[in-house]
Amino acid sequence: MKRIIFNLLRLFVTIALLVWLITKANIKQSIKQMTSANPSYLMLAVVAILLLILVSVWRWKIILDARDLQFSTTYLTKISIAAWFFNNLLPTSIGGDVVRVIYTIKDNKKALAFSAAFIDRMIGFIGLFLFALIASTLLLFQGRPTKFLMINLIGLILLLIIVAIMFNDKTHRIFAKIYRQVKIFRLDEKIDRIYAAVKEYRQEKRALIESLLLSLLLQANLALAWYLIGLSVGIKISALYYFLYIPIIGLLTMIPITIGGLGIRENSFVSLFTQAGTTQVQATATSLLYLAINYLYALAGGIVFLFLKRHKTDFNPPNGGLRQKDDDSH
């Protein structure tokens, strides 16, 4: 009942924010701007988001491979597209991550799959703050200082401190004294296995560095997609504003008060980019066009999920071990 009430509240907030967006904007002019958008730029934006998904799959595969959870790129791409559906169209903030964990459990090693998803998300956060920090620094050098420079710097430092503490054995022992008191459903053992699995990534420095670099590329792809949509409706401002503001908007949409960040994303974009020099009509049209493309991928993810089957592991006794097989026909 509590979950139902919470989801209804999120739906109410989502609708309220969309109504607010429509009432404060000239929606007729915005729709006219959308219908006259340059289709070439829109197609490039669609491609940029596809590249974003492929880069995220690449990063995730590196993290999984580091713990000997080997899956084909095709299989992981299917999971990622399906997760896009859960992240954007269902009333949950972690649905996509749950799907990724469930479909990458191999040999019943749940802790490994969970730790891989956790590390992937953590590196994504670090990449997001670092990317925005680079953009705000470049704007400063161009004589366009922004209040977000210090916010990004503090956020990145705090995140790195949290990661350093989390990877520390002493911290593990301190937290263990707390969660080991929770004996119900053997949660203490499950948490301990996950914590230990996460700490194992301390030995995978190369994988972590490569994943961080891919996180920067991922953020660049996302900013590029928004930039191309902006160009399609005639916005002509520096791409650096997209590199700075899109990661910030991404953080705001993770606040679990709406469905898939709907309403927060659109209002934040309009607010930030009108300050950067765009008209409200252009900003509204851009945010709604991105929403349409985003939902296009989400609907595709829903279709993929209908036919998605879990990975199978086959035994191969003649070779004396396990043979991993990614059967994409399932």
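Which residues make the nonpolar surface patch of about 800 Å²? In this predicted model, the patch is made by M1, I4, I5, L8, L9, L11, I15 and V19.

**View 1. The nonpolar surface patch and one of its members, I5.** The view takes in the eight side chains named above, which together make a nonpolar surface patch of about 800 Å², M1 and V19 among them. I5, one of the residues of this patch, lies in helix α1, which covers residues 2-24. Because its relative accessibility is 45%, I5 counts as partly exposed.

**View 2. A salt bridge between helices α8 and α9.** Among the 10 salt bridges that the structure holds, the one shown here joins the side chains of K199 and D169, with a distance of 2.6 Å from N to O. The pair links distant parts of the chain, since K199 belongs to helix α9 (residues 187-199) and D169 to helix α8 (residues 169-179), and the two residues are 30 residues apart. The partners differ in their cover: K199 counts as buried because its relative accessibility is 10%, whereas D169, at 31% relative accessibility, counts as partly exposed.

**View 3. A salt bridge within helix α10.** Here the side chains of E210 and R206 meet in a salt bridge at 3.0 Å, taken from N to O. Both residues lie in helix α10 (residues 205-232), where they are 4 residues apart, or about one turn of the helix. An α-helix has 3.6 residues a turn, so residues three or four places apart point the same way. R206 is exposed, with a relative accessible area of 64%, while E210 counts as partly exposed at 30% relative accessibility.

**View 4. S211 and its surroundings in helix α10.** S211 is also found in helix α10, and with a relative accessible area of 0% this serine is buried. The side chain of S211 reaches the backbone oxygen of A207 at 2.7 Å. Leaving aside residues up to four places away in sequence, S211 touches R59, I62, I63 and I123. R59, one of these contacts, also takes part in a network of salt bridges that links R59, D97, R100, D120 and R121.

**View 5. Helix α5 and the helices that cover it.** Helix α5, which runs over residues 95-102, is mostly covered, with 6 of its 8 residues buried. These buried residues are G95, G96, D97, V99, R100 and V101, and they pack against α3 (39-66), α4 (73-89) and α6 (110-141). Two of the buried residues listed for α5, D97 and R100, are members of the salt-bridge network that includes R59, D120 and R121.

**View 6. Helices α3 and α4, with the loop that lies between them.** S80 lies in helix α4 and counts as buried, because its relative accessibility is 10%. Apart from residues up to four places away in sequence, S80 touches I53, V57 and W60. L54, placed in helix α3, is partly exposed, with a relative accessible area of 38%. The C-alpha atoms of L54 and R3 are separated by 33 Å, and the two residues are 51 residues apart along the chain. In the loop between α3 and α4 the view shows D68, which counts as exposed at 60% relative accessibility. Most residues other than glycine have a negative phi. The phi of D68, however, is near 60°, a positive value in a residue other than glycine.

**View 7. A salt bridge between two buried residues, R265 and E266.** The side chains of R265 and E266 meet in a salt bridge, with 3.0 Å from N to O. Both of these residues are buried, in contrast to the pair of view 3, where R206 is exposed and E210 partly exposed.

**View 8. Confidence along the chain, and residues 314-330.** The mean pLDDT of the chain is 84, and 91% of its residues reach 70 or more. Over residues 314-330, however, pLDDT stays under 50, and for this stretch the model has 26 contacts beyond four places in sequence. Where pLDDT is low, the predicted coordinates should not be read in detail.

Conventions. Residues are numbered from 1 along each chain as its sequence is written. This is a predicted model: local features need pLDDT of at least 70, side-chain atom pairs count only at pLDDT 80 or more; totals for chains, interfaces and linings use all residues. Side-chain values use heavy atoms; hydrogens and water are left out. Patches are made of residues with over 30% relative accessible area and no salt bridge: like charges are joined within 9 Å, nonpolar side chains (Val, Leu, Ile, Met, Phe, Trp, Tyr) within 5 Å. Accessible areas come from the Shrake-Rupley method with a 1.4 Å probe; for residues, only the protein chains shown count as cover. A salt bridge is a side-chain nitrogen of Lys or Arg within 4 Å of a carboxyl oxygen of Asp or Glu. Buried means under 20% relative accessible area, exposed over 50%, partly exposed in between (1.4 Å probe, protein chains only). A polar contact is a pair of N or O atoms within 3.5 Å; within protein, one must be able to donate a hydrogen and the other to accept it, and residues adjacent in sequence count only if both atoms are side-chain atoms. Contact means heavy atoms within 4.5 Å. pLDDT is the predictor's confidence in each residue, from 0 to 100.
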